[in-house]
Amino acid sequence: MRLVLAGASGFLGTALRDHLAREGHDVVRLVRGEPVSPHESRWDAYRGQLDRSVIESADAVVNLAGASFVHFPFTQSYERTFRDSRVVTTRVLAEAIAASDRKPAFLAQNGTDFYGDQGATVLTEDTPARDDGTFLHGITHEWQAATEPAADAGARVCILRTGAVLHRTGGAFAPLYRIFKLGLGGPAGQGGQYFPTISLHDWVRAVTFLAEHDECAGPFNLSGPSPSTNAEFTRVLGRMLHRPTVVRVPERPLRAVIPQLAPELFGSIRAEPARLQEAGFVFEHPTVNERIAAALTD
């Protein structure tokens, strides 16, 4: 297949493009600077600049663009950057797909925050969202709505509702890994909140699976089956690193200092990958123990 990839230089994008190349697919990377190879194409989403012929030649377009979640301070200005880097890029690509003759598939990154904090309720792709008023919940809904031009034009659209992707080299897990390695890790609050995770290995496999299977469309939870609670995740990570996990993260001060990010630690999202498994995808790391072990050793 020929895939066009936005956000190819990030943690997930780098892993995905390498995996796609190993699988024999042709990947064209959308870049902000001057292209340095035939496998790059320049674009500027904020100015609506994009080579339409690149979209026309694609079998699938994947958008992983987005400013980093791990950023301090998370100011109002950075909130806009965080939002626009996801919503604007998605809308520009969706409109380009809608305007194309070929209508390539569109795989659009998103997050499990879409569902909102729903405690211990099992959340599948058919579960209605609950507006918990958080910053990330609102972003995920705008992010998904930005794909509508492509879907309305008849393109196949997959919404990648991604949980925490685990690997020691990047994403939200990297700073956690360093903290726990120092023996300073511990549960967030009481630790009873559910925490959807997926290994980086399974995440790139799942995205590739969705790109390759034309019958797959709509939202997909890209998180491993049987999500753990924060307390269970903490125990497993501490045990595998041979470190204590007694430093509890206090909820109230953190919510006051970083209200945009605190729900990631204290909210409870028990997301299950129902549609992905129904489509025939098989996880290689189906348990939290296997996911953390892969994150530390792969």
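In helix α7, the buried residues (under 20% relative accessible area with a 1.4 Å probe, protein chains only) are Leu200, Asp202, Trp203, Val204, Arg205, Ala206, Val207, Thr208, Phe209, Leu210 and Ala211. With 11 of its 13 residues buried, α7 is largely enclosed by the rest of the structure. Helices here are DSSP runs of H or I with at least four residues, and strands are runs of E with at least two, numbered from the N terminus.

A word on the model itself: it is predicted, so local features need pLDDT of at least 70 and side-chain atom pairs count only at pLDDT 80 or more, while totals for chains, interfaces and linings use all residues. Residues are numbered from 1 along each chain as its sequence is written, and side-chain values use heavy atoms, leaving out hydrogens and water.

Let's stay with α7 and turn to the second largest pocket, which holds about 160 Å³ of space. A pocket is an open set of points on a 1 Å grid over the protein atoms alone, where a 1.4 Å probe fits, with protein on both sides within 12 Å along at least five of seven lines; its lining residues have an atom within 4 Å of a point. The volume is the space filled by probe spheres set on the points. Among the 13 lining residues, Ala15, Arg22, Leu200, His201 and Val204 are closest to the centre. Helix α1 (11-22) gives the largest share of this lining, 4 residues.

Helix α1 also joins strands β1 and β2 in a right-handed β-α-β unit: with the strands pointing away from the viewer, the path from the first strand over the helix to the second runs clockwise. β1 (residues 2-6) and β2 pair in the parallel sense over 5 bridges, where pairing takes at least two DSSP bridges.

Key: Buried < 20%, exposed > 50% of the residue type's maximum accessible area, 1.4 Å probe, protein only.
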